[in-house]
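Student: Before we accept any label attached to this structure, I would like to go through the reasoning behind it, setting each value against its cut-off.

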Amino acid sequence: MRSYGALVVGLSQATVDYIGSVPTFPQPDTKCDLTGLTVGGGGPAATALVTLARWGVGASFIGVVGDDAFGRMILEGLDQEGVDVSAVSVAPGGTSTFSFISVEEQSAERTIFCYRGQGCGLAPDRVDLDLVRRASVVLVDAYDLPACLAAARAAQEAGVPVVCDAGTLRPGSLELLALVDHAVCSEVFFRSFYPGDDLREGLARLRALGPKAVVVTLGKRGGLGLDGRVFREQPAFPVRAADTTGAGDVYHGAYIYGLLAGWDLAGRMAFASAAAALKCERLGGRAGIPKLAQIQTFMGNAWPDAAGK
């Protein structure tokens with residue numbers, strides 16, 4: 001593994017995920033036996049950092065958890081994965097975020113039931129800005145918006161690249177995008193921002209807000225990116241999917257890995273798409289994170305060291 005001498009700092013939510021698989025989603029007011037169950041850590045930035053830590057990149061998480069059992073599970077899980085949690089605050093009497101996720105075996109699609117917790121919001125004064133300024137890359141989203149804005153401003157002033165996980169369009173999301181260098185957004189976010197049919201026009205409008213590079217992930221239809229005036233199309237890698245939970249989080253971690261490696265947008269998108277696809281072969285948001293060697297074998301000649309610099 002190559003560390004690139006880097007430290008990636010991510011902030012916002014970390015969760016405990018209960019993920020259960022069912023043959024098909026049941027009708028209301030019926031009973032259904034689970035065919036599989038896994039319990040583990042989750043959360044967008046947290047899982048992206050775990051992905052990077054497994055690949056030898058230094059990672060540090062900034063967030064808040066409660067002093068409850070879920071909070072202890074979150075911290076222990078990140079620590080065991082090699083993610084630094086020294087900048088995580090523990091809220092006395094707070095209840096941590098957790099989710100129950102139902103995965104349909106037939107389609108590998110999932111439905112998430114999330115309890116956001118209480119007393120565990122990340123306020124700007126709980127963000128270690130010195131840590132942010134020392135980072136090689138900072139990963140934000142728009143959930144704890146004031147905290148993410150503070151981190152993005154501090155990173156920008158220090159010349160640290162900022163990557164935004166744009167999963168859902170929330171009030172203030174566009175203000176945050178003006179402060180980031182790379183916006184990697186879900187189709188849900190993108191369609192809320194730009195409901196038109198011309199994806200390229202929508203990406204151009206998104207990039208006009210400030211990011212140097214913008215990407216929209218489109219699930220089975222791959223992804224589309226814009227870096228300068230050049231559009232990059234990335235077909236999806238075919239896999240036998242079992243669970244899409246965490247695929248976007250792994251994509252963000254892989255995108256950052258490619259950024260640290262110096263790969264161009266096409267290389268970053270190809271690598272991230274392959275990593276996310278392989279993750280989908282296993283149940284669990286983190287259980288399926290592939291190893292670098294596995295991704296390289298899977299990609300073959302498409303590996304960015306050969307074609308994406």
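Tutor: What follows is a discussion of salt bridges and cysteines in this structure, which is a predicted model.

Student: Why is the contact between Asp-130 and Arg-133 called a salt bridge?

Tutor: The criterion asks for a side-chain nitrogen of Lys or Arg within 4 Å of a carboxyl oxygen of Asp or Glu; the N to O distance between the side chains of Asp-130 and Arg-133 is 3.1 Å, so the pair satisfies the rule. By this rule the count comes to eight salt bridges.

Student: How are Asp-130 and Arg-133 placed in helix H3?

Tutor: They are three residues apart in helix H3, which spans residues 129–134, and about one helical turn therefore separates them.

Student: What makes Asp-130 partly exposed rather than buried or exposed?

Tutor: Buried means under 20% relative accessible area and exposed means over 50%; Asp-130 has 48%, so it counts as partly exposed. Arg-133, with a relative accessible area of 38%, is likewise partly exposed.

Student: Which parts does the pair of Glu-175 and Arg-153 tie together?

Tutor: The side chains of Glu-175 and Arg-153 meet in a salt bridge, with 3.4 Å from N to O. Because Glu-175 lies in helix H5 (residues 173–177) and Arg-153 in helix H4 (residues 145–158), the pair ties together parts that are 22 residues apart in sequence. Glu-175 is partly exposed at 40% relative accessibility, and Arg-153 is partly exposed at 37%.

Student: How do you know that Arg-191 forms a salt bridge with Glu-187?

Tutor: Their closest N and O atoms are 3.4 Å apart, and the cut-off is 4 Å, so the pair qualifies. Arg-191 and Glu-187 are four residues apart in helix H6 (residues 187–193), about one helical turn. Salt bridges that share partners join Glu-187, Arg-191 and Arg-221 into one network.

Student: What makes Glu-187 partly exposed?

Tutor: Its relative accessible area is 21%, whereas a residue must be under 20% to be called buried, so Glu-187 falls in the partly exposed class.

Student: How many disulfides does a search of the whole structure find?

Tutor: The search finds zero disulfides. For Cys-164, the nearest cysteine sulfur, that of Cys-148, is 7.6 Å away; a disulfide requires the two sulfur atoms to be within 2.5 Å, so this pair does not qualify.

Student: Is Cys-164 buried or exposed?

Tutor: Cys-164 has 3% relative accessibility and counts as buried, because the class takes in values under 20%. Cys-32, at 34% relative accessibility, counts as partly exposed.

Methods: Residues numbered from 1 in each chain as written. Predicted model: local features only at pLDDT ≥ 70, side-chain atom pairs only at ≥ 80, totals over all residues. Heavy atoms only, no water. Helix = DSSP H or I, 4+ residues; strand = E, 2+ residues; numbered from the N terminus. Buried < 20%, exposed > 50% of the residue type's maximum accessible area, 1.4 Å probe, protein only.
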